[in-house]
There are 2 protein chains.
Amino acid sequence: MSEQQENVIYVGTKPAVKYAAAVAAEFENGASEVFLKARGRAISRAVDAAEITVNRFLEGVEVKDIKISTEELENRNVSSIEILLSKV
Amino acid sequence: MSEQQENVIYVGTKPAVKYAAAVAAEFENGASEVFLKARGRAISRAVDAAEITVNRFLEGVEVKDIKISTEELENRNVSSIEILLSKV
């Protein structure tokens, strides 16, 4: 048991429902908080995954916090998002 | 003067820098808060626009709040985002 462990799902190019399922699995394995993280165009998909998780897959889980930032990747700036999902 | 007026920039398919410029213009015209709103794939562009506004265009403006939700459009669900930018 490692309650301090950070549970992070990185969102890429798969369908959003796959990431929502991965988030649901983390909560079902006992996580109390799960982060969805994405960069660039995958940001929209991370939002989709969060909405699918909260509205369709899991009861008692809410969007607790959303942060956006800019990362430098290969000398260009890329926006990123972190969506924190938490048990109510 | 209508201080209660809601200043909203809707993000579509133009380059993110155009929306960042529109946000900057709202602040320069006296707004204390501006919303960036987007749906679907434009969500990533709204995040880009917010980051460009805060990091490159304007000093003393911060991301104050971010909300995501789901809207029903033509019988399908579409994710949406609202990014609230505010003078510090």
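**Chat about a two-chain contact**

Modeller: Chain A and chain B bury about 1,300 Å² between them, 62% of it on carbon and sulfur atoms. Buried area is the accessible area (1.4 Å probe) that two parts lose on being put together, summed over both. This is a predicted model, where local features need pLDDT of at least 70, side-chain atom pairs count only at pLDDT 80 or more, and totals for chains, interfaces and linings use all residues. Side-chain values use heavy atoms, with hydrogens and water left out.

Colleague: Cool! How many residues does the contact take from chain A and chain B?

Modeller: It takes 19 from chain A and 19 from chain B, where contact means heavy atoms within 4.5 Å.

Colleague: And how many salt bridges are there between chain A and chain B?

Modeller: Zero! A salt bridge here needs a side-chain nitrogen of Lys or Arg within 4 Å of a carboxyl oxygen of Asp or Glu.

Colleague: Which element gives the most to chain A's side of the contact with chain B?

Modeller: That is α2(A), with eight residues. Helices (H or I, at least four residues) and strands (E, at least two) are DSSP runs, numbered from the N terminus.

Colleague: New topic: how many salt bridges does the structure hold over all chains?

Modeller: Eight. One of them joins Glu82(A) and Lys37(A), with the closest N and O atoms 3.7 Å apart. Glu82(A) lies in strand β4 of chain A and Lys37(A) in strand β2 (residues 33–39), so this pair links distant parts of the chain, 45 residues apart.

Colleague: What ring does the charged end of Lys37(A) sit over?

Modeller: The ring of Phe35(A), 5.6 Å from its centre. The rule wants NZ of Lys or CZ of Arg within 6 Å of the ring centre and within 35 degrees of the ring normal.

Definitions and conventions. Residues numbered from 1 in each chain as written. Chains lettered and ligands numbered in written order.
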